[in-house]
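Open your viewer, get the sequence panel ready, and let's take a walk through this model together. Each stop tells you what to select and what you will find there.

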Amino acid sequence: MILARQLSHEVAVTQREDQKKKTRAALLDAARALLMRGEPLTVTAAAREAGISKASAYRYFSDPALLAAEAGLHLKAAPYEEIIGDAATLRDRLVAISLYFFDLAVANEAAFRTYLGLNLQASAQAQDGKTPRRGARRIQAFLRALESEPDLRPEQARSIAAALGMATGAEAMIALFDIAGLSAEEARALVAETAEAICDRMLP
């Protein structure tokens, strides 16, 4: 009898955990859909999109910036091998990564603008100095490429990855489109030229 009650309790706990995972996943899917459509992302809007009560949604995400951050981090990026393609040299791989993440931002412009705006808002309002980190995927890709260069010290690789990361992605897209007034083609060419220049300056 005791064993039966214990098993029943464990089953109930597992079912609750599974339901929590499904609810969280549904909210993230809804948030991604809103981002992709360029619509305002709030916890209430995500709950409505997912068919989940607002009260339930706020138990998982009380801050829309955190919801946007987690949803934005899961905007699908290609595997590293696909990103670099047939690039033979380290320089070619670094340029390929720069162009890939710029192209990803342009292809999902509305989503990235919404995500970046919410992230910046969270940063401005943060009292503990902690905000969701963005841009980690591109930095990881650059670092993976740089692992093939035996003459680079870890701190050098991090500096190169940071410089390249600064010059691509949604931040570069916004600067080149909104401030410099470049077309998509002109901006893409400049991202490639900037990556080449960083390689010229920083690679051994």
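The tour below goes from the whole chain to a helix pair, then to salt bridges and a few single residues.

**Before you start**

This is a predicted model, in which local features need pLDDT of at least 70 and side-chain atom pairs count only at pLDDT 80 or more, while totals for chains, interfaces and linings use all residues. Residues are numbered from 1 along each chain as its sequence is written, and side-chain values use heavy atoms, with hydrogens and water left out.

**Stop 1: the whole chain**

Show everything as a cartoon. The protein has 11 helices and 0 strands; here helices (H or I, at least four residues) and strands (E, at least two) are DSSP runs, numbered from the N terminus. Read from the N terminus, the order of elements is α-α-α-α-α-α-α-α-α-α-α.

Now colour by accessibility. Of the 204 residues, 40% count as buried. Buried means under 20% relative accessible area, exposed means over 50%, and partly exposed is in between, using a 1.4 Å probe and protein chains only. Contacts, meaning heavy atoms within 4.5 Å, are also worth a look: among those with a separation of 6 or more, 67% join residues 24 or more positions apart.

**Stop 2: helix α6 and its partner α8**

Select residues 90-107, which form helix α6. This helix has 18 residues and spans 26 Å from its first C-alpha to its last, close to the 26 Å expected at 1.5 Å a residue; the expected span is 1.5 Å times one less than the number of residues. Is α6 enclosed by the rest of the structure, and to what extent? Because 13 of its 18 residues are buried, α6 is largely enclosed.

Next add α8, residues 136-146. The two helices, α6 and α8, pack at an angle of about 170°, with their axes 9 Å apart. That makes α6 roughly antiparallel to α8. For the geometry, axes are lines fitted to C-alpha atoms, for helices over the stretch in contact, and angles run from 0 to 180 degrees between N-to-C directions. Angles under 35 degrees count as roughly parallel, over 145 as roughly antiparallel, 65 to 115 as roughly perpendicular and the rest as oblique.

Show side chains where the helices touch. On the α6 side, pick L90, R93, L94, I97, S98, F101 and L104; on the α8 side, pick R137, R138, A141, F142, A145 and L146. The residues of this contact divide into 9 nonpolar, 1 polar and 3 charged. In this count Ala, Val, Leu, Ile, Met, Phe, Trp, Tyr, Cys and Pro are nonpolar, Asp, Glu, Lys and Arg are charged, and the others, Gly among them, are polar.

**Stop 3: just past α8**

Select S148, in the loop between α8 and α9 (154-166). S148 is partly exposed, with a relative accessible area of 45%. Setting aside neighbours within four places in sequence, S148 is in contact with L90 and R93. Try a distance to T89 as well: its C-alpha lies 9.8 Å from that of S148, though the two are 59 residues apart along the chain.

**Stop 4: salt bridges**

Side chains of opposite charge can pair when their charged atoms come close. Counting a side-chain nitrogen of Lys or Arg within 4 Å of a carboxyl oxygen of Asp or Glu as a salt bridge, the total is 12. Here are three to select:

- E171 and R138 form a salt bridge at 2.9 Å, N to O. E171 is in helix α10 and R138 in helix α8, 33 residues apart. R138 counts as buried at 11% relative accessibility, whereas E171 is partly exposed at 26%.
- R113 and D178 form a salt bridge at 2.8 Å, N to O. R113 lies in helix α7 (residues 109-125) and D178 in helix α10 (residues 169-179), so the pair ties together parts 65 residues apart in sequence. R113 is partly exposed at 29%, and D178 is partly exposed at 45%.
- R37 and E49 form a salt bridge at 2.9 Å, N to O. R37 is in helix α1 (residues 2-37) and E49 in helix α2 (residues 43-50), 12 residues apart. Add E39 to the selection: R37, E39 and E49 are linked in a network of salt bridges.

**Stop 5: around α1 and α2**

Stay with α2 and select its buried residues, V43, A45, A46 and A47. After α2 comes G51, with a positive phi near 75°.

Finish at T23 in helix α1. T23 is buried, with a relative accessible area of 12%. Leaving aside neighbours within four places in sequence, T23 is in contact with I52 and Y60.
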